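Me: I'd like to go through this structure with you and ask how each label is earned. Could you set the values against the definitions as we go?

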Amino acid sequence: MQAGQELTRLRIEQMDCPVEEQLIRKKLEGDAQVIALQFHLMQRQLDVLHTAGYGSQVVSAIQRLGMDPVLIQAGDQPKTLKPSHGKKTLVMVISAVFLALLAELGAWLVWPSWMVIVLSVIAIALTGGTVYKKGLIALTNRNLNINALMSIAVTGAVLLGEWPEAAMVMSLFALAEYIEARSLDRARRAVDGLLALAPDEVEVFDEQGHWHLQPAQTVTAGSLVKVKPGARIGLDGVVQAGSSTVNQAPITGESLPVLKQSGDRLYAGSINGMGELQYRTQGTYDESLLARIAISVQQAQQSKAPVQRFVDRFSQVYTPIVTFGALALALLGPWLFGGTWLDWVYKALVLLVIACPCALVISTPVAVVSALATAAKAGLLVKGGLHLERARRLDYLAVDKTGTITAGMPVLQDQWVAPAYPLETVEQMAYALASRSDHPASQALARSLEGAVSALPVKDFQAVAGAGVMATQNGVSWQLGRLSWLSHAPLSADLISWQKTWQQAGASFVYLAKAQQVVAAFAIADQIKSGVQAVMADLSRLGVKVEVLSGDNSAAVQHVANQAGIPLAQGDLLPEDKLRIITERTQTEGFSAMVGDGINDAPALAKADLSFAMGALGSDMAIETADIAIMNDDLANIPYTIRLSQRLHRVLVQNISAAIGIKLVFLALAIAGVATMWMAVFADVGASLLVVLNSLRLLKSTPSA
Ligand SMILES: Nc1ncnc2c1ncn2[C@@H]1O[C@H](COP(=O)(O)OP(=O)(O)OP(=O)(O)O)[C@@H](O)[C@H]1O
Ligand SMILES: [Zn+2]
């Protein structure tokens, strides 16, 4: 935000349909003081960036649209919203439909006309209030939304003396709106449920030595927090005392509880098992993984899928054309085709009802949000509807080795030390460098040396992505990492033969150099993750070509690729090599994706058409760079994403064809003069309902392999 600007966040209960979004957009977008608008329809939230001090004018502008914006204070948690339509509304709507039916029956049985009129008037009165109010506001803002169209249609029918028709239109519309609102609530709650996982209060140890309850939002980093058996964990932290199995499914999607003991990490939103735990918080609530996920999911809902953008453009053209057509029909119909003027006005009204693009407009966001919620439940953090919609197009997938195909927990196998060189110095220096890095290779060394040696004090520590780590001691430089980075001197015959032996076993190597001279080498071996072969077979069934791109030595990479059943593999790649290869593949192999876990993958991830990050629990890089973060480290989530994307696409196509198809059929019927007005309403709201319910299918059932 720049100086002189202000952000106002509003919760607007009435803003539950794209129709209202349009209304607000029209009102505020022309305003020079309003800099940017961000709609979160599913949360019924609007963020307005405006010049400082203009907030109250924004609020009153929205109030003039007949809505009640409520200010959201910083730090307010996204809360589950009350369903927008209660039992009372349902009773009213059902009575209205019943009365309207009775009026239709009465008209058919030729009851006295006053009886038919009274029944109709009551039905309209029961349901028409809000429709007329919203419709009038829309009309005065020169907007033809569904409420405006319905108001005109019902008024027109009354003026034509078609009382039962008018009652039927109004009550059917109200009924459908009711069901639609309830269905939307369901999709909304699925997302809200994800966001409202952390408890509001946690038990914190204070300076006076007491435990007391405190809002999770106000707990500072480094506090000691206690969590009771069965309770939700409120903040990210590290276990200090106690042991318990913790269900991390809400964060990672993995269904089995994980044992947590002293030193293990805990994540806000997960559920404690049978033991009591005390943990030290790492960061504040807003810095927790859960809060960051919540932000991503919210942002994901805003980035529009291509289909949605098409729909937006379509409806911008479609509604004015049909509305204009209706007007033309009413005015010119009697002249051109004969018939009474009233007949043609009626036809025009039917056309107006059909003109509503509602079904089309809501068909995509509900589907996308439902799919996002389902993905999140499976431990997939998708950063935008766009990515989910495109995943089905995957032709090529580059995978890195360490941490993606392998477990990323290598173990030291053997070490080689230059003849006559003091072993103790090697070990102490290796430990000093390795213990400062979180690269899997360094971690393997650090683990094996931990406790056995003490680290030498070093200065100027530095990590070079895809190469290694370095530092100085007494002015001499020490390096730990890949060979090509730390030395160009020829290797001794002894080291070469030692290397050969371990290369055949598929080991990876890390070298230690003093002033660019190799003084030691370490062979480490990592295990391939279980189930990788099955995932690869699955991917090839889905028509995806897989290739390993790794920074590790080619022999080790080939070894792992063979085990995993991946035919293509390249090793010895620098981060910029990975980037170059991905750039080429996006041109030659079609839609190209990349999955990786380290900072050495970041440039390539950013370049790929679609990027997955593994092990999001470990590295921030994953959440920041990748389009889709796989929280639970499970590669099977990639074919899962492709299938979910295919389902999403099917639903979107079904929705759009149903919405347009139904409209076209009734358009034809209306022009032929066969469609009555309530049939048109049925078609419009029926289509809306159909697409909403169809979209909600994405909330259920997981796509199976
Ligand atoms: N921090 C580090 N500590 C020790 N060695 C490192 C470090 N960073 C890189 N290396 C060395 O450089 C090589 C390449 O590292 P890079 O991170 O690019 O790939 P990788 O993790 O081995 O494999 P992948 O690309 O499959 O994840 C490693 O195999 C290792 O030998
Ligand atoms: Zn509609």
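**Labels and their cut-offs**

Reply: Gladly! Let's start with a pair of side chains: Asp47 and Arg9 meet in a salt bridge, 3.8 Å from N to O. This is a predicted model, in which local features need pLDDT of at least 70, side-chain atom pairs count only at pLDDT 80 or more, and totals for chains, interfaces and linings use all residues. Residues are numbered from 1 along each chain as its sequence is written, chains are lettered from A and ligands numbered from 1 in the order in which they are written, and side-chain values use heavy atoms, with hydrogens and water left out.

Me: Why is the contact between Asp47 and Arg9 called a salt bridge?

Reply: The term asks for a side-chain nitrogen of Lys or Arg within 4 Å of a carboxyl oxygen of Asp or Glu. Asp47 and Arg9 are at 3.8 Å, N to O, so the pair meets that definition. In general, side chains of opposite charge can pair when their charged atoms come close. A search of the whole structure finds 13 salt bridges.

Me: Why is Asp47 called buried, and what is Arg9 called?

Reply: Buried means under 20% relative accessible area, exposed means over 50%, and partly exposed lies in between (1.4 Å probe, protein chains only). Asp47 has 10% relative accessibility, so Asp47 counts as buried. Arg9 has 26%, so Arg9 counts as partly exposed.

Me: How do you know that Arg580 and Glu584 are about one turn of a helix apart?

Reply: Both lie in helix H19 (residues 575–588), four residues apart, which is about one turn of the helix. Helices here are DSSP runs (H or I, at least four residues), strands are E runs of at least two, and both are numbered from the N terminus. The side chains of Arg580 and Glu584 also meet in a salt bridge at 3.6 Å, N to O.

Me: What makes Arg580 and Glu584 partly exposed, and what about Arg585?

Reply: Arg580 has a relative accessible area of 42%, so Arg580 is partly exposed. Glu584 is at 35% and therefore counts as partly exposed too. Arg585 is at 15%, so Arg585 counts as buried. Glu584 and Arg585 meet in a salt bridge as well, at 3.9 Å, N to O. Salt bridges that share partners join Glu547, Asp577, Arg580, Glu584 and Arg585 into one network.

Me: How do you know that Leu327 is exposed and Gln214 is buried?

Reply: Leu327, in helix H9 (residues 306–337), has 54% relative accessibility, so Leu327 counts as exposed. Gln214, in strand E6 (residues 211–215), has 18%, so Gln214 is buried.

Me: Which residues surround ligand 1 most closely?

Reply: Of the 20 residues that surround ligand 1, the closest are Asp400, Lys401, Ser442, Lys578 and Asn600. A residue is near a molecule if one of its heavy atoms lies within 4 Å of it, and the same holds for a strand.

Me: What makes the approach of Lys578 to ligand 1 a polar contact?

Reply: A polar contact is a pair of N or O atoms within 3.5 Å; within protein, one must be able to donate a hydrogen and the other to accept it, and residues adjacent in sequence count only if both atoms are side-chain atoms. A polar side-chain atom of Lys578 lies 2.6 Å from an oxygen atom of ligand 1, so the distance fits the definition. Ser442 has a polar side-chain atom 2.6 Å from a nitrogen atom of ligand 1.
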